[in-house]
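Please open the structure in your viewer and keep the selection tool at hand. The tour proceeds by one selection at a time.

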Amino acid sequence: MTNENQAEPNGFAALGITGALLKAANAAGFTDPKPIQAHAIPPQLEGRDIFGIAQTGSGKTAAFALPILSKIIGLGTKRRPKTARALILAPTRELAVQIEDTIKLLAKGAHISTALVLGGVSRYSQVKKIGPGVDILIATPGRLTDLVREGDLILADTKWLVLDEGDRMLDMGFINDVKRIAKATAPDRQTALFSATMPNEIAELAKGLLKDPVRIEVSPQSTTAAEIVQSVVLARTKQKRQVLSKMLADEMMRSVIVFSRTKHGADRVTKDLARDGFNAAVIHGNKSQNARQKALNDFRDGSVRILVATDIAARGIDVPGISHVVNFDLPDEAESYVHRIGRTGRNGRDGIAITLCDPSENGKLRQVERIIRMKLPVIADHLGSPDPQRDPKEKTERHFEPANDREHHGGRRDGRRPGSGNNGKKRFGGKPGGERQFAPKPQGDRPAGAKPNGERKPDGFKRFKGNNKRRFGGKRPANRAA
Ligand code: AMP
């Protein structure tokens, strides 16, 4: 037991964090470890692998960053060129940026180099930064795979590997990239895998990548935080714009995320809000990295109070003080609902989540209610009212959804788009996707088939010039974010 007369360590010191790191953590306001940190830090300091079931917001970044930092500090600055001592893989660019920010905060005063490797921004500066070797590399799997394949990054010296939001990486089709990347790191590496949920594929991944891991679970699967007040407003799709604008006129809605199922839908909602006099930022996978970061920064610092987002922002983004989440429509996957509404009600503050539901979405609503194990109360019903007339001066827009408009893959967990129609067989031969190694540098440059933000055109998969085999990996999902 600790009391004031005894010099027993408490806080992070009691977990084994010392010196400059402890000082920086305390200075950053990290004085009392969160449960995930209390459970995950000591075993990692002992060299154990970790399997953490935890969501963003649980404090998992410091839970994996502090032990890695504490081991890397003291190793000196001598690194082999093009190598990284530790690699943290994250599914989205926003999460990767956020992780780097936290690491920089925690490593303040220590001489630790970090680098980010993300799709959607110039590779040149990334390659330059990792040229002399770095201590901690934070990356999204797509761009990282390219750099390794092209010889700009060597993973053989990587002794710490963290896979963050494993289930999300699975959803986004990164699983084979992740396996290949892990295989290229040092065989005696220490690994931590974090996932908010535990589908079978994640359990399998853990079995393949972790050695005798310590399993830590800090929040029960698919339950929502108690402090979020959830409700439903019944409104036909054509009524939703008006209902949303009326809602947003309430000044109590200080800081609001409006979720849309599709990228096209998010743009349309943002445009309609602007027409109705609301300034809203928008974030989705078709936006450039800079635009996404700016939208997030503007929302975070309060210059805009409304952020319209697709599910890509439903996880990983930690903006404190979001008062309301509005689901403009229901997500395709019921679990996304939990992640969406989890953007509010953070750090013990109250949050409100309102879902607009068209009668065609009733099935999805029932699924949500099944996984959150409660019936959502209906607080307003507009179904008896007529549809509002659109101002004829507003340009009529076709309400169609392009084939690659979803951020998700409709639940496919193998990363291939539905309808690729080859019954799970590889298109151009080769070993099964999960087992293939990094192929040698291909001719030509990847961006030929890639959109500016790193997403591929639907027909943008590359073929190996010469023998008609795919060079590396299976067909890339068209709508991956990084
Ligand atoms: P994470 O789940 O790592 O994204 O962390 C969620 C939020 O909690 C971030 O804003 C962190 O800065 C904050 N946080 C994490 N650990 C602590 C701690 N021990 N004390 C105070 N704040 C923390």
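The model shown is predicted. Begin by selecting residues 60-72, which form helix H4. With three residues, H4 gives the most to the shell around the ligand.

Next, select the ligand and the residues around it, 14 in number. Those that come nearest are Phe-30, Thr-56, Gly-59, Thr-61 and Asp-318. Colouring the shell by residue type shows three nonpolar, seven polar and four charged residues.

Now turn to the nonpolar core. In soluble globular proteins, nonpolar side chains tend to be buried together. The largest nonpolar core of this model has 73 residues, and within it Leu-106, Ile-136 and Leu-137 have the most contacts. Helix H4 supplies the largest share of this core, eight residues. Another core, of 39 residues, lies apart from it; Leu-248, Val-282, Leu-296 and Val-338 are among its members.

Return to Leu-137 and select it alone. Which residues is Leu-137 in contact with, leaving aside neighbours within four places in sequence? They are Ala-84, Leu-87, Ala-115, Val-117 and Ile-130.

Select residues 141-149 next, which form helix H7. Why is H7 described as largely enclosed by the rest of the structure? The reason is that nine of its nine residues are buried. Charged residues such as Arg-143, Asp-146 and Arg-149 are included among the buried residues of H7. To see the surroundings, display strands S2 (84-89), S3 (114-117) and S4 (134-139) together with helices H6 (123-130), H8 (166-171) and H9 (175-184), against which the buried residues of H7 pack.

Finally, select Gly-151, just after H7, where phi is positive, at about 80°.

Technical notes:
Residues are numbered from 1 along each chain as its sequence is written. This is a predicted model: local features need pLDDT of at least 70, side-chain atom pairs count only at pLDDT 80 or more; totals for chains, interfaces and linings use all residues. A residue is near a molecule or strand if its C-beta atom, placed from the backbone, lies within 6 Å of it. Helices (H or I, at least four residues) and strands (E, at least two) are DSSP runs, numbered from the N terminus. A residue is buried if 20 or more other C-beta atoms lie within 10 Å of its own, exposed if 12 or fewer, and partly exposed in between; C-beta atoms are placed from the backbone. Two residues are in contact if their C-beta atoms, placed from the backbone, lie within 7 Å. A nonpolar core is a set of buried Ala, Val, Leu, Ile, Met, Phe, Trp, Tyr and Cys residues joined through C-beta atoms within 7 Å.
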